[in-house]
Amino acid sequence: MNHVANQADLISSARPEASREAIAALFDLPFLDLVARAHEVHLRHHPRNAVQLSTLLSIKTGGCAEDCGYCSQSAHAKSGVKAEKLMNADAVVAAAREARAAGSHRFCMGAAWREPKERDMAALLDMVRRVKALGLETCMTLGMLTDGQARALAEAGLDYYNHNIDTGPDYYDRVITTRSFQDRIDTLERVREAGMAVCCGGIMGMGETREDRIGFLHALANLPEPPDSVPLNALVPIPGTVLGDMLADTPLARIDEIEFVRTVAVARIVMPDSQVRLSAGRESMSEAGQALCFLAGANSIFTGDRLLTTPNNGEDADTALFAKLGLKPLA
Ligand code: SAM
Ligand code: DTB
Ligand code: SF4
């Protein structure tokens with residue numbers, strides 16, 4: 001048996017509707033049939049015309065020890081992003097207040113770490129408590145967690161923890177070498193056991209094949225429980241990163257918008273209760289492309305004019321798009 005088959009075999013399909021074969025068959029449907037079916041599933045499980053709004057803040061930028069090939073914040077990349085210290089809690093709370101005033105309901109704090117250090121935990125827990133006290137849902141993405149850290153974050157009131165598998169198990173090692181696919185799964189398990197909601201997704205357009213995208217959704221849908229929230233990113237190509245430079249040399253590797261919409265639709269069908277978030281890469285997507293993603297079951301976005309280190313569609317563009325499409329923020 002080759003390496004590829006070995007990796008894929010690690011994931012069993014407890015749910016026949018989310019087997020590799022079933023997922024591959026969904027991808028093969030005529031586009032309109034697939035989107036219609038995804039929309040039908042969406043309407044059965046979620047309020048219509050409603051999109052959840054999350055805001056991101058990079059609370060600790062750059063200088064990360066991991067070698068994720070897409071990331072501007074890896075110390076291995078030559079992206080020009082400088083390493084900064086953890087922000088102080090007052091500044092984080094001020095940003096959360098602004099996000100709330102702009103209509104966001106979830107505040108996601110991201111740190112460029114392999115894992116949080118024990119000495120940073122008190123400050124992180126303080127941020128969680130204070131952001132939560134504003135009436136916002138809280139989310140953090142800090143890398144790998146120990147059991148104790150996961151429990152402490154949950155006790156402080158952290159609602160969601162984001163930790164992405166990023167791609168299918170067979171492509172994973174081409175993207176990241178400093179931590180394994182299994183490390184990610186183990187962290188997700190700790191998050192779930194501590195009682196937090198799991199936010200887990202990945203990136204399209206890293207040079208992976210459709211088979212890899214099938215493997216990616218198969219892995220997500222067959223976690224002990226499907227993630228509560230699934231961020232789907234299109235690679236934002238950042239000069240100086242391995243994958244950003246790869247895309248500059250081979251523009252055809254960029255994810256095709258229709259294939260991205262297909263991925264959204266299949267995610268919606270195989271994880272009917274999850275929030276599917278149209279995440280990074282939205283800025284370079286047309287309004288029509290975004291509308292198709294919403295039709296196919298995406299029901300969450302990042303608002304605000306920045307993601308972590310790259311720009312995002314600003315509030316004005318999103319307000320205009322929501323008005324055009326008759327979408328409402330999900331309260
Ligand atoms: N250091 C933490 C970790 O990796 O778990 C948290 C932050 S990390 C930046 C969060 C996620 O953002 C990554 O797992 C990846 O899926 C996504 N991401 C990072 N850079 C990206 C890029 N250039 N394009 C698209 N998605 C990206
Ligand atoms: C996720 O899947 N996407 C967000 C969030 N989780 C933390 C991050 C996107 C980062 C895009 C690149 C950047 O701004 O550096
Ligand atoms: Fe570090 Fe996260 Fe970027 Fe990977 S994605 S290099 S872990 S900040």
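**Note on the ligand sites and salt bridges of the model**

Ligand 3 occupies the largest cavity. The structure is a predicted model, and the points below should be read on that basis.

1. **Surroundings of ligand 3.** Which residues surround ligand 3? The shell consists of C64, E66, C68, Y70, C71, S74, A112, W113 and R179. By class, these residues divide into 6 nonpolar, 1 polar and 2 charged.

2. **C64 in the shell of ligand 3.** C64, one of the residues surrounding ligand 3, belongs to the loop that runs between β1 (50–60) and α4 (89–101). Is C64 buried or exposed? C64 counts as buried, because its relative accessibility is 10% and the cut-off for burial is under 20%. Between the C-alpha atoms of C64 and K85 there is a separation of 11 Å, the two residues being 21 residues apart along the chain.

3. **Ligand 1.** There are 17 residues around ligand 1, and those that come nearest are A111, T141, N164, D166 and V236. Two backbone contacts involve nitrogen atoms of the ligand: a polar backbone atom of A111 lies 3.1 Å from a nitrogen atom of ligand 1, and a backbone N or O atom of V236 is 2.9 Å from a nitrogen atom of ligand 1. D166 takes part through its side chain, with a polar atom 2.6 Å from an oxygen atom of ligand 1.

4. **Ligand 2.** Around ligand 2 there are 13 residues, of which N164, N233, L308, T309 and T310 come nearest. N164 is thus listed among the nearest residues for ligand 1 and also for ligand 2. Which residues place a side-chain N or O atom 2.8 Å from an oxygen atom of ligand 2? N233 does so, and T310 does so as well. L308 contributes through its backbone, where an N or O atom lies 3.0 Å from an oxygen atom of ligand 2.

5. **Salt bridge R190–D147.** How many salt bridges does the structure hold? The total is 18. In one of them, the side chains of R190 and D147 meet at 3.4 Å, N to O. This pair links distant parts of the chain, since R190 belongs to helix α8 (residues 181–193) and D147 to helix α6 (residues 147–156), 43 residues apart. Both partners are partly exposed: the relative accessible area is 29% for R190 and 41% for D147.

6. **Salt bridge R192–E225.** R192 forms a salt bridge with E225, with 3.6 Å between the closest N and O atoms. R192 is in helix α8, whereas E225 is in the loop between α9 (210–221) and β7 (229–234), so the pair ties together parts that are 33 residues apart in sequence. E225 is partly exposed, because its relative accessible area is 45% and the exposed class begins over 50%.

7. **L223, in the same loop as E225.** L223 lies in the loop between α9 and β7, the loop that also holds E225. L223 is buried, at a relative accessible area of 11%, whereas E225 is partly exposed at 45%. The C-alpha atoms of L223 and E189 are 8.9 Å from each other, although the residues are 34 residues apart along the chain.

8. **Salt bridge E287–K324 and a shared network.** In the salt bridge between E287 and K324, the closest N and O atoms are 2.5 Å apart. E287 lies in helix α12 (residues 287–295) and K324 in helix α13 (residues 315–325), so the bridge ties together parts that are 37 residues apart in sequence. The two ends fall into separate accessibility classes: E287 is partly exposed at 35%, while K324 is exposed at 61%. Elsewhere, D28, E208, R210, R213 and E259 are joined into one network by salt bridges that share partners.

9. **S300 and R277.** S300 is part of strand β9 (residues 300–303). Its relative accessibility is 0%, so S300 counts as buried. What distance is given for the polar contact that joins the side chains of S300 and R277? The value is 2.8 Å.

Definitions and conventions:
Residues numbered from 1 in each chain as written. Chains lettered and ligands numbered in written order. Predicted model: local features only at pLDDT ≥ 70, side-chain atom pairs only at ≥ 80, totals over all residues. Heavy atoms only, no water. Near = heavy atom within 4 Å. 1 Å grid on protein atoms, 1.4 Å probe; cavity = no way out; pocket = protein on both sides within 12 Å on 5 of 7 lines; lining within 4 Å. Sits in = over half its atoms within 2 Å of the grid points. Nonpolar A, V, L, I, M, F, W, Y, C, P; charged D, E, K, R; others polar. Salt bridge = Lys/Arg side-chain N within 4 Å of Asp/Glu carboxyl O. Helix = DSSP H or I, 4+ residues; strand = E, 2+ residues; numbered from the N terminus. Buried < 20%, exposed > 50% of the residue type's maximum accessible area, 1.4 Å probe, protein only. Polar contact = N/O pair within 3.5 Å; in protein donor to acceptor, adjacent residues only side chain to side chain.
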